2 protein chains.
Amino acid sequence: MWPIEPVAYVEAARQQARDDFWGQTLACIRLSEAYTAEALQGLDAFSHVEILFGFHRVDPAHIVTAARHPRNNPDWPAVGIFAQRGKNRPNRLGSTICQIQRLEGPCLWVAELDAIDGTPVFDIKPVLPAFLPRTPVQQPAWAETLMQAYWLPEEA
Amino acid sequence: MWPIEPVAYVEAARQQARDDFWGQTLACIRLSEAYTAEALQGLDAFSHVEILFGFHRVDPAHIVTAARHPRNNPDWPAVGIFAQRGKNRPNRLGSTICQIQRLEGPCLWVAELDAIDGTPVFDIKPVLPAFLPRTPVQQPAWAETLMQAYWLPEEA
């Protein structure tokens, strides 16, 4: 077993998990008491940050370990849990690249983090262009369809 | 505490951590016995995969929680541990986007995974273009310099 502890928590408006409409959302990632603002120093020289977090509301009993239809939608092929990004996955880890807005003491403000209020954060990493794909990126048709409304702004 | 368990292990030629020359390296990510090939089914319709792993050789006593010079190089500014991607970090988690080569039963072959032989893997996620940065990516000069030899092939 590899014990991990939250280094921060998400403060956000959204209280419940939702599949879509994460566009333009704002969140504060507030460092845990074991850390000071020094741990974030210099991060605002980057435009983007990668957040590793836990899907803390997922009941471990609902974790999928083999294959299923993404979002349980039978229109899409059943694929392995490691061929989709759904939250009911082994270790319940999420990973999202967000836009850095600003640093404010122990708080890192980001745009478009798809995590709800109270989410534990396990790591914060700057996005270096050299760590992004260096060859053309391809995906199956179902994945493109699934993401169509993901980054749309929430409807009024 | 958030207990996580390896879902796979890395099989690779490199036995010791090294800062640079990860270009063109190949690795097999072999699922743990709790999983079957079904968990990877369909992943080969994607070109890239994100691997979350543990820096298992890092002594927890050497974890940095505040600021330091990246690679301990005084030519670069001291920045917070969350403003760099060095391995001596809280929770010792790594995250790298690799190129998918092929599936072979319980084995996922990837190119350019910067992890040594025996590394525990905690998650495997397909790379969807919609999860990559959607606005221009910027980094400070030190980060660009630091990465210059990272993806070069290993010298003969």
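The fold of chain A and its pairing with chain B are described below for a predicted model.

Chain A contains nine strands and one helix. Read from the N terminus, the order of the elements is β-β-β-β-β-β-β-β-β-α, with the helix placed after the strands. The C-alpha trace of chain A extends over about 45 × 40 × 35 Å along its principal axes. The radius of gyration of chain A is 16 Å, in agreement with the value near 15 Å for a compact globule of 156 residues. Of these 156 residues, 33% are buried. Among the contacts in chain A with a separation of 6 or more, 75% are between residues 24 or more positions apart.

Six of the strands of chain A form a closed barrel in the order E2-E3-E8-E7-E4-E9, with antiparallel pairing. From one strand to the next, the twist averages 45°. Within the barrel, strand E4 (residues 48–54) and strand E9 (residues 120–126) of chain A are paired in the antiparallel sense through five bridges. In this pairing, A:Ile51 has A:Ile124 of E9(A) as its bridge partner. In general, the strands of a sheet pair through backbone hydrogen bonds, in either a parallel or an antiparallel arrangement.

Chain A superposes on chain B by a rotation of 180° with 0.0 Å of shift along the axis, at an RMSD of 0.0 Å. The two copies are therefore related as by a two-fold rotation axis. Among the residues of chain A, A:Pro3 comes closest to this axis, its C-alpha lying at 2.5 Å. A:Pro3 also has B:Pro3, in E1(B), as its bridge partner. E1(A) and strand E1 (residues 2–4) of chain B run antiparallel and are joined by three bridges.

The contact between the chains takes 65 residues from chain A and 65 residues from chain B. On the side of chain A that touches chain B, at least two residues each are supplied by strand E1 (2–4), E4, strand E6 (79–80), strand E7 (93–104) and E9. E9(A) gives the most to this side, with six residues. By residue class, the side of chain A that touches chain B comprises 41 nonpolar, 16 polar and eight charged residues. Of the interface residues of chain A, 100% are also interface residues in chain B, so the copies meet through the same surface. Strands E4 and E9 of chain A thus appear both in the barrel and among the elements supplying the side that touches chain B.

Terms used:
Residues numbered from 1 in each chain as written. Chains lettered and ligands numbered in written order. Predicted model: local features only at pLDDT ≥ 70, side-chain atom pairs only at ≥ 80, totals over all residues. Least-squares fit on C-alpha atoms with pLDDT ≥ 70 in both. Contact = placed C-beta atoms within 7 Å. Helix = DSSP H or I, 4+ residues; strand = E, 2+ residues; numbered from the N terminus. Rg over C-alpha atoms; globule rule 2.2 N^0.38 Å. Buried ≥ 20, exposed ≤ 12 C-beta atoms within 10 Å, placed from the backbone. Pairing = 2+ DSSP bridges. Axes fitted to C-alpha atoms, helices over the stretch in contact; angles between N-to-C directions. Nonpolar A, V, L, I, M, F, W, Y, C, P; charged D, E, K, R; others polar.
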